[in-house]
Amino acid sequence: MELVVVMSLLGLIIGGAFLIFRMGSRGFQQAIVKTGAVGDIHRFSRVAHRDIGLSHFNSAEVEKRQITEAGETLERDGVGICGLSDWSDASNFGGTLGLPNWNRWTLFYATDEAKGRLIRLETQRAKPSGSLNYYPITPMPGIADLMSNDPIQLPQALRVTTLCHNVRSFSAELDTYKRIVKMTLVLHNKTGRRMTSQQTVEDYLETRVEIYPVNSYPEL
Amino acid sequence: MKINRGLTLSEIVVALGLMAGLLLVIIALFTKLLVNSTKNTDLTAANLLARSILDQSVRRGPSNSGQFTTPDDSLELSTNNRDSKTKFSYEIQSQRITNTHDSSLGRLYQVTATVSWWADEVSQEHSRQGYGRLSTSISRTVYVKE
């Protein structure tokens, strides 16, 4: 009798400890996934504000692209804009006005995989044909050809960075009236099961960024 | 000679009670961890939104009444759950900073964007208790040429 009581109590204690451990590990897993997604969003925001915020609106171009995933249509756009190879290099500023020699294209796009990645791709921007400098500024050409799932293999690629993982959708648009670049990014993570039930938790993190390229004048 | 008499019922009850209390504390800690994690996610989205609307408002400049404004006052985003949106409400407040030394320097304003949020799903099921302050604000000093 005593043995049965002791074994029952022991079973209760071990079961309780196991449940607590399982709840804790699930809670930690959810917290870690959320923190990772927040870090991705921070990285995207910081880099986009730096690259697009310092650029020229007239060079911005958006390539619309959609994929179908589990019966849903998701946007996987790309937005390209001109940039500089090095803002601290004085030789990147020319002419009597000291205007930037826009010698780079910076492209932000989402890959078309089921779990997309947000890529920042940097390519060379040559002087326009017949021009001695980097003006006039025209929208970035050939974005669709650069939106590859393996951008490192592209011969034009100078620098490739993965800003976010688990991208559900990335849409971009240009507001030509306000002269801003609008981007909406949605990350989707499966964070495992709820702490107190077997229900699967799916975490969505959506953010909208509107950036005004401050070097949009003069409109050369 | 020492007699091994085992534990009495009261001792076991006390021990189980202590253990139950400890487990409740641990559960509460994990719940708090998730709440804070969720709040951190919303705070990130709110900070990015605050920066965007502050940029937008500063670019528009002050209205004829001398106040900075923003065209909208709220936005809904999926920051945790796909089906329930979190409503972010925001407002712009601006205050003229008096420059008594030299009026030719133009006007200086302190512009503040405040974003507050609350998830629709949470508001139906829970109270705000334990969530703390659900708002964030960022400020910028803006110079407007006379």
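**A quick note on this two-chain model**

1. Let's start with chain A. Going along its sequence, you meet the pattern α-β-β-β-β-β-β-β-β-α-β-β-β. If you'd rather have the tally, that is 2 helices and 11 strands. Keep in mind that what you're looking at is a predicted model.

2. How spread out is chain A? Its radius of gyration comes to 24 Å, while the globule rule gives 17 Å for 220 residues, so chain A is more spread out than a compact globule. You can see this in the C-alpha trace too, which spans about 100 × 40 × 35 Å along its principal axes.

3. Now for how chain A packs. Of its 220 residues, 36% are buried. Take the contacts in chain A with a separation of 6 or more: 63% of them join residues 24 or more positions apart.

4. Over to chain B and its helix H1, which runs over residues 9-60. These 52 residues reach 75 Å from the first C-alpha to the last, close to the 76 Å expected at 1.5 Å a residue. Just after H1(B) comes B:Gly61, with a positive phi of about 80°.

5. Where do the two chains meet? On one side there are 26 residues of chain A, in contact with 23 residues of chain B. Helix H1 (2-53) and strand S11 (200-211) of chain A each put at least two residues into the side that touches chain B. H1(A) gives the most, with 14 residues. Sorted by class, this side of chain A has 12 nonpolar, 8 polar and 6 charged residues.

6. Which residues have the most contacts inside the largest nonpolar core? They are A:Leu118, A:Leu185 and B:Leu49, and the core itself has 60 residues. As background, nonpolar side chains tend to be buried together in soluble globular proteins. Try finding A:Leu118 in the structure: setting aside neighbours within four places in sequence, its contacts include A:Phe44, A:Phe108, A:Leu163, A:Phe170 and A:Leu185.

7. Finally, a word on confidence. The model scores ipTM 0.74 and pTM 0.83. Chain B has a mean pLDDT of 82, with 86% of its residues at 70 or more. Among the elements of chain B, strand S4 (residues 135-144) has the highest mean pLDDT, 91, and helix H2 (residues 120-125) the lowest, 56. Where pLDDT is low, the predicted coordinates should not be read in detail.

Notes. Residues are numbered from 1 along each chain as its sequence is written. Chains are lettered from A and ligands numbered from 1 in the order in which they are written. Helices (H or I, at least four residues) and strands (E, at least two) are DSSP runs, numbered from the N terminus. The radius of gyration is taken over C-alpha atoms; the globule rule is 2.2 Å times the number of residues to the power 0.38. A residue is buried if 20 or more other C-beta atoms lie within 10 Å of its own, exposed if 12 or fewer, and partly exposed in between; C-beta atoms are placed from the backbone. Two residues are in contact if their C-beta atoms, placed from the backbone, lie within 7 Å. The expected span of a helix is 1.5 Å times one less than its number of residues. pLDDT is the predictor's confidence in each residue, from 0 to 100. Ala, Val, Leu, Ile, Met, Phe, Trp, Tyr, Cys and Pro count as nonpolar, Asp, Glu, Lys and Arg as charged, and the others, Gly among them, as polar. A nonpolar core is a set of buried Ala, Val, Leu, Ile, Met, Phe, Trp, Tyr and Cys residues joined through C-beta atoms within 7 Å.
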